[in-house]
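Q: Please take a close look at one part of this model: how its strands are arranged. Then go on from there to the rest, in short steps.

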Amino acid sequence: MMNYTDDTVFSINEGVNLLSNAVSPVVCTGAGMSADSGVRTFRGEDGFWKEYRAEDLATPQALHADPELVWEWYKERLLHYDTIEPHAGFYALQRLQENRGSLPVITQNVDGLHQKAGLSDVIELHGSLATASCLSKCGASAKELTEKLVKEIPPYCSCGAVLRPDVVLFNEPLPQNEIERAFTLAEDCDLMLVIGTSMLVHPAAQIPVVALKGGAVVIEINPEKTMLSDYPGVTFIEGRAAEVLPALIEKTLSQ
Ligand code: OAD
């Protein structure tokens, strides 16, 4: 095990007991899950929203008003995402999913790293940066977002309208099937593993709370405490996803 404090070792061991006894666990991840792969989070010291204003870049209004500016930002992220690799925590989750047969993963991330690590049943609450579709909803099918497509900024649909990345922007509803499935899983699970979310963006932040209210236990992994951390029923493990997840999962699988 890495150089952990006694508190962290204690809570990892508690997490191992909970995870070993769980019958219907579910994983719920936020931007912090990708941080150790080199993807910037949104909040915190090095977060995107320290440097940019969300309303300038991540709203439908911004996309209509200045598509070049918005696409420059998404292009930079997209090209970066092409080269990043999942860290050891993703592969630990993949081994846990394989071992258990079923382990749904609810994520707010749009970077595709879970899938790149071989995880399946990934529920993308905020969409995905893998594809783009027509801003004027002409009905053309979604286009795979490639380096070639974003060479010309902004990229255009064959109908002449600007394309938009298939991510959920602020002020937009979440995809219906995904949000319904996430809340059903939260109600039905007996353990939720919550990794790397600030618990500040709704409705995603309600998902672990619904799990707790339904009687599930929660294991939270984050270097910093959130509003969730001190709820009854939450085991908070202070640490980074790339370090804590392999320790927690390897120990659980070797029991
Ligand atoms: P945030 O950027 O709000 O929070 C990231 C969380 O990850 C914080 O609690 C950090 O402490 C934690 N963290 C940082 N490094 C970590 C590490 N190595 N291991 C584990 N945790 C770590 O991200 P989200 O809560 O996912 O929405 O934010 C949700 C949404 O806000 C995003 O999906 C995006 C953004 O605005 C939209 O674009 C609609």
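A: In this predicted model, three strands make an open sheet, ordered S5-S4-S6, with antiparallel pairing. The edges are strand S5 (143-144) and strand S6 (163-167). Each edge strand pairs on one side only. Strand S4 covers residues 127-134 and is joined to S5 by two bridges. These two strands run antiparallel. One position shows the register: Thr131 stands opposite Glu144 in S5.

Now the loops. Between S4 and S5 the chain passes through Lys137. The phi of Lys137 is positive, near 55°, and this residue is not a glycine. Most residues other than glycine have a negative phi, and most peptide bonds are trans. The loop between S5 and S6 holds Pro154. The peptide bond joining Ile153 to Pro154 is cis, with omega at about -5°. A cis bond also links His202 and Pro203, where omega is about 5°. Pro203 sits in the loop that runs from strand S7 (191-195) to helix H10 (206-213).

Next, the aromatic residues. The structure has eight aromatic pairs. One cluster is formed by Phe42, Phe48, Trp49, Tyr52, Trp73, Tyr74 and Phe170. Take Trp73 from that cluster. Arg77 lies over the face of Trp73, and the distance to the ring centre is 4.4 Å.

Phe42 leads on to the ligand. Phe42 is a member of the aromatic cluster, and Phe42 is also among the residues closest to the ligand. The others in that closest group are Arg43, Thr197, Ser198 and Asn222. In total, 22 residues surround the ligand. By type, this shell divides into nine nonpolar, nine polar and four charged residues.

Three polar contacts give the detail. The side chain of Arg43 places an N or O atom 2.6 Å from an oxygen atom of the ligand. Ala31 uses its backbone: an N or O atom there lies 2.7 Å from a ligand oxygen atom. Asp36 uses its side chain, where an N or O atom is 3.1 Å from a nitrogen atom of the ligand. How much of the ligand does the protein bury? Taken alone, the ligand exposes 800 Å², and the protein buries 91% of that.

To recap: the sheet is open and antiparallel, with S4 between S5 and S6 in the order. Cis bonds precede Pro154 and Pro203. Phe42 belongs to the aromatic cluster and to the group closest to the ligand.

Methods:
Residues numbered from 1 in each chain as written. Predicted model: local features only at pLDDT ≥ 70, side-chain atom pairs only at ≥ 80, totals over all residues. Heavy atoms only, no water. Phe/Tyr/Trp six-rings, centres within 6.5 Å; stacked < 30°, edge-to-face > 60°. Lys NZ or Arg CZ within 6 Å of the ring centre and 35° of its normal. Near = heavy atom within 4 Å. Polar contact = N/O pair within 3.5 Å; in protein donor to acceptor, adjacent residues only side chain to side chain. Areas by Shrake-Rupley, 256 points an atom, 1.4 Å probe, with all protein chains shown as cover. Nonpolar A, V, L, I, M, F, W, Y, C, P; charged D, E, K, R; others polar. Pairing = 2+ DSSP bridges. Helix = DSSP H or I, 4+ residues; strand = E, 2+ residues; numbered from the N terminus.
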